[in-house]
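Here are my comments on the model, set out as numbered points for checking against the coordinates.

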Amino acid sequence: MHIIKWSSDFALGIDEIDEQHKALVGMINALDASTHAEYSVENMRRLLDELNAYVRDHFGFEERLMAGGGCSPELVTRHCGEHAYFRSVLRDLTADFDNGRTSITVTLIEYLVHWLLHHIVVVDRAMAHQLNASEPALKARVAAALMQEMTDDLTESERHLLAELRRANEELERQVEVRTRELRDSNRQLQTDLDAARAETRLLKAELAAAKG
Ligand SMILES: [Fe+2]
């Protein structure tokens, strides 16, 4: 029995965020499951690491999305504040676990669940509502935030390589565009020559018929 069951009531209508929220629910369920059966400190530590990393990436994604515009400054401040609070709760909890000062109890997990669901249905929903009102720019902003998320994790040399690849790709696209234009022009010229040749043939046939007649 899972401590949280995903429900369509939590869906915000922004697919990327809904998928991330489902993954968070899955991670909290896994944390809960590990308190019941085959408890091991290593397993719990691994799940805490995964949760910390995922929460950092997910909150970062939402914050980048809001940075693209479409949300009121009051909402951005409140939202980022809630994220900072939860990140610090998870950080402290992990440090206490490492120091043997706390164990991961059902009560603690219930608190995480309560916080997350409240955050999704109140603050995340307000963000989605304001972002959805700015359609169709939202799709481009989601794509930009995803791209930013990917490049954030890159090393300096990977970033450099990616920039080179982008430049090479743009150059390739430009060459394809030029070549397509040339082919279209040459095709148009061929059609004109063909029409002229047909007209000439018709004329010759007519002259031949007149000469025979
Ligand atoms: Fe959020």
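1. What span should the 26 residues of helix H3 have at 1.5 Å a residue, and how far apart are its end C-alpha atoms? With the expected span taken as 1.5 Å times one less than the number of residues, helix H3 (residues 73-98) should cover 38 Å, and its end C-alpha atoms lie 37 Å apart, which agrees. Just after H3, Gly100 adopts a positive phi of about 75°.

2. On provenance, this is a predicted model, in which local features need pLDDT of at least 70 and side-chain atom pairs count only at pLDDT 80 or more, while totals for chains, interfaces and linings use all residues. Residues are numbered from 1 along each chain as its sequence is written.

3. The chain has six helices and zero strands, where helices (H or I, at least four residues) and strands (E, at least two) are DSSP runs numbered from the N terminus.

4. Helix H1 (residues 15-36) packs on helix H4 (residues 106-132) at about 170°, their axes being 10 Å apart; H1 is therefore roughly antiparallel to H4 (an angle over 145 degrees). Contacts (C-beta atoms, placed from the backbone, within 7 Å) involve residues including Leu24 and Asp32 in H1, and Leu116 and Asp124 in H4. By class, this contact has ten nonpolar, two polar and two charged residues.

5. An automatic or database assignment gives domain 1 (8-153) and domain 2 (155-213), whose C-alpha centres lie 53 Å apart.

6. The C-alpha trace spans about 115 × 40 × 35 Å along its principal axes. The radius of gyration of the chain, taken over C-alpha atoms, is 31 Å, whereas a compact globule of 213 residues would have one near 17 Å (2.2 Å times the number of residues to the power 0.38).

Notes: Axes fitted to C-alpha atoms, helices over the stretch in contact; angles between N-to-C directions. Parallel < 35°, antiparallel > 145°, perpendicular 65-115°, else oblique. Contact = placed C-beta atoms within 7 Å. Nonpolar A, V, L, I, M, F, W, Y, C, P; charged D, E, K, R; others polar.
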